[in-house]
Amino acid sequence: RRRKTGTARVDTVDGAVPGLGLVRTIVIATAGRGGYVASAGAATEAGSAAGAAERFSRLGATLRVANGVMGTRDFAMTSSDVDLTAAGAITLASMNTAFTGDVQLPEELSKKAGTDLYRYAQKDGRVTLAAVVSGPLGNLSVRIDVAQAASRGIPLFDPTEAFRSEG
């Protein structure tokens, strides 16, 4: 029995990922976050409703195939509404996907995201949230981890600080 292995670089421009719904998922996960919801609402209704395709200007990854799995450490999708960078794998027999990474809003939408969300979730001036993309390719599910973003903004207590003497 022969097993196929190999590595390839794939880059695509101006396409769509059916059913991904990143913008819609971000809006729902951050509901009530001030101006961002209103700003993204039009984009959500226009193009990211359930079942609609997530448009992108660039999508690329280095893919490694081995043992029935296609994996990547450098998946990147860029669009005018949101960017996604991730690592993960697709099981070829089932086409089941398991990716983890970050979604980033463009600077303009990040500034409208609401003070708290921007304060806790911004990285280099852009709201950045942890994301998990999973499920079969034909029915992807996106989960946003807002708590992880908030935890970045909470300073950790350093117990050694309490015992330092001033002087």
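**Exercise 1.** To how many aromatic pairs does the count come?

Solution. The model is predicted, so local features need pLDDT of at least 70 and side-chain atom pairs count only at pLDDT 80 or more, while totals for chains, interfaces and linings use all residues. Residues are numbered from 1 along each chain as its sequence is written, and side-chain values use heavy atoms, without hydrogens and water.

Step 1. Rings of Phe, Tyr and Trp (its six-membered ring) pair if their centres lie within 6.5 Å; planes under 30 degrees apart are stacked, over 60 edge-to-face, and the rest tilted.

Step 2. The count comes to 1 aromatic pair. Phe75 and Phe99 form an edge-to-face pair, with 5.6 Å centre to centre and 65° between the planes.

**Exercise 2.** Place Phe75 and Phe99 in their strands.

Solution. Step 1. Strands are DSSP runs of E with at least two residues, and helices are runs of H or I with at least four, numbered from the N terminus.

Step 2. Phe75 belongs to β3 (residues 69-78) and Phe99 to β5 (residues 96-104), so the pair ties together parts that are 24 residues apart in sequence.

Step 3. Both Phe75 and Phe99 are buried (under 20% relative accessible area, with exposed over 50% and partly exposed in between; 1.4 Å probe, protein chains only).

**Exercise 3.** Describe the setting of Ala113.

Solution. Step 1. The loop between α3 (107-111) and α4 (115-121) holds Ala113.

Step 2. Ala113 has a relative accessible area of 0%, so this residue is buried.

Step 3. Between the C-alpha atoms of Ala113 and Val127 there are 7.7 Å; the two residues are 14 residues apart along the chain.
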